[in-house]
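Subject: Handing over the structure

Dear colleague,

I am passing on the structure we talked about, with the sequence beside it, and below it you will find my notes on what I found. Please keep both open while you read, since the notes go from one part to the next.

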Amino acid sequence: PRRKRLSIDTISDNLKAMEYAVRGKIAIEADRITEELKSSTDNKYPFDHIIMTNIGNPHAVQQKALTWPRQVMALLQLPDPLGIDHPSANALFPEDAIARAKEMKAALGGHGIGAYTHSKGVKEFREDVARFIEKRDGAEEGSVDVENIFLTAGASEAITMVMTALVKDSSCGIMLPIPQYPLYSATLDLLGGHKVGYYLDEQSIWGMKIEELERSLAEAKSQGINVVAFVLINPGNPSGAVLSRQEVKDIVMFCARHNLVLLSDEVYQENVYRKEDEFFSSRRAADELGLIKNDAIQLCSFHSVSKGVFGECGQRGGYVEMVGIEQDVNDCFYKLAASKLCSNAPGQAMVSLMCKGPNRGDSSYESHEKEKQAVFEGLRDRAQLVSEGLDSIPGFSCQPATGAMYCFPSVHMPPGAIKAAQDAGLPPDTLYSLDLLQTKGICVVPASGFGQKEGRYGFRTTFLSPEMKTVVESIRDHYEQFCSKYAE
């Protein structure tokens, strides 16, 4: 028979090498067990459902959608006679939701969200993003240019777009934190670029040291790697750390000094839980240091509706704002965006609603703020519960989760587990995570999927589920059993 043209032997080697741990081996096994639990009348597992703590997907683990944004979205989706122009609209929707939906429909050219938009995104929605950034950073009004903002299908699409432009050839490398969100390593693998890792300091709550950045950059250069960019994730994923104002300024200066494009992943900017911490954006740092005024920094900042208190992952809404990028390069980004026509219009609308909520005094303002605060407080409380609970398990060490949605504990592996993992061709923390899944029904991500120092093992878990207290106790119970099982 004729050999098929598209086969595992003929597809891209870069694609085959690419790995995305968050939806890797453990998540695939969790999906298989879930299907088995649904279809089987004879349950062989000591649990009746899987608790998915592997991914920051809030609505999948019972976080409620915020009411006002969904009311506006419902009106955007409905044809006018059934929505904004319905005679009973005021009985069904608050006045400010109807007014905002009318304003957004006008911005959409009267076509609603079923039509293609401008390839950068609806201009009025991008203006909402620009004013949001200016207000957040205390920047001069009008200083953020809407033409340097692209609305995208989540922050992930924007990150991929920028990295695609940065990796000109196989000599290019990008500095990534270790540990890091696997989107960056996976995308670099696909593009054929070099991963230039710099280690975060676990013992100082995953802080960043300039000496380590200089070491990593010098080592890469000595190997002939053309380092073109630097990835900062703040607040951190998977570390859950919030960088100080000075740390952010140091990083911005490091990038300016070495002529590196700074990719600032800021999707967890609302998820800062300790009173003594604050989110301090890379853009604000660059502005205060005079780097923007002097055109001395190139910066791409990313945000999303998927995290924070919205948690609207399925809406796929995000943005990138670019600083110091020349017009001819911006034109190339536009060409790349235009090749996909546009990002989805509902996602763009949700970005607008995240950046510009109801005004103080509007009928929905108090209830909207109250709902957001309730979500925030739930996340804050579970961050403490999970990080302290995991840290109290003998053999575990877990830094405080001061931001984002994750804990990233290190776990001492018994000698037998290390040997069994070697025999099975698996990293030890993958063996551990599989065992945890199959015996307790808890799905985590092995730390090896994010990068870590040699000899360290662990996992990443979210603290989104309302079942997290039970999860921590199950992990404690399982670890005792696991250590007994693999003692030798």
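In helix α14, the buried residues are Tyr365, His368, Val375, Phe376, Gly378, Leu379, Ala383, Val386, Ser387, Gly389 and Leu390, and please bear in mind throughout that the model is a predicted one. What covers these buried residues includes the helices α3, α5 and α17 (468-485), together with the strands β9 (396-397), β10 and β14. The helix runs over residues 365-391, and because each of its 27 residues is expected to add 1.5 Å, it should span 39 Å, which agrees with the 39 Å found between its end C-alpha atoms.

Two of the helices that cover α14, namely α3 and α5, also meet each other. The axes of α3 (residues 67-77) and α5 (residues 95-107) come within 9 Å and cross at roughly 50°, which means that α3 is oblique to α5. Their crossing is right-handed, and the contact is made by Trp68, Gln71, Val72, Leu75 and Leu76 on the side of α3, and by Asp96, Ala97, Ile98, Arg100, Ala101, Met104 and Lys105 on the side of α5.

The strands β10 and β14, which also help to cover α14, belong to an open sheet of three strands in the order β10-β14-β13, where the pairing is antiparallel. Because β10 (406-407) and β13 (445-446) stand at the edges with a single partner strand each, one side of each is left without a neighbour in the sheet. Two bridges pair β13 with β14 (residues 459-462), and Pro446 stands opposite Phe459 in β14.

There is also an open sheet of seven strands, with mixed pairing, whose order is β2-β8-β7-β6-β5-β3-β4. Here β2 (149-152) and β4 (194-199) are the edge strands, and each has a single partner strand, so one side of each lacks a neighbour in the sheet. From one strand to the next, the twist averages 20°.

Within this sheet, β6 (residues 261-265) and β7 (residues 299-304) run parallel and are joined by four bridges, with Leu262 standing opposite Leu299 in β7. Helix α6 (residues 123-137) packs on the sheet, where it touches β2, β7 and β8 (318-323), and its direction makes about 115° with that of β2. Helix α10 (residues 245-258) packs on the sheet as well, touching β3 (172-178), β5 (226-233) and β6, and its direction makes about 165° with that of β5.

Which way do the residues of β2 point? In a regular strand the side chains alternate between the two faces of the sheet. In β2, Ile149 and Leu151 point one way while Phe150 and Thr152 point the other way, and all of them are buried. Four bridges pair β2 with β8 in the antiparallel sense, and Phe150 stands opposite Val320 in β8.

Helix α7 (residues 154-166) has 13 residues, and because each should add 1.5 Å, the expected span is 18 Å, which agrees with the 19 Å between its end C-alpha atoms. Its buried residues are Gly154, Ala155, Ala158, Ile159, Met161, Val162, Met163 and Leu166.

Lastly, is Gly224, in the loop between α9 (210-222) and β5, buried or exposed? Its relative accessibility is 54%, so Gly224 counts as exposed.

With best wishes

Conventions: Residues are numbered from 1 along each chain as its sequence is written. This is a predicted model: local features need pLDDT of at least 70, side-chain atom pairs count only at pLDDT 80 or more; totals for chains, interfaces and linings use all residues. Side-chain values use heavy atoms; hydrogens and water are left out. Two strands pair if DSSP finds at least two bridges between them. Axes are lines fitted to C-alpha atoms, for helices over the stretch in contact, and angles run from 0 to 180 degrees between N-to-C directions. Contact means heavy atoms within 4.5 Å. The expected span of a helix is 1.5 Å times one less than its number of residues. Buried means under 20% relative accessible area, exposed over 50%, partly exposed in between (1.4 Å probe, protein chains only). Angles under 35 degrees count as roughly parallel, over 145 as roughly antiparallel, 65 to 115 as roughly perpendicular and the rest as oblique. A crossing is left-handed if the near helix is turned anticlockwise from the far one by less than a right angle, and right-handed if clockwise.
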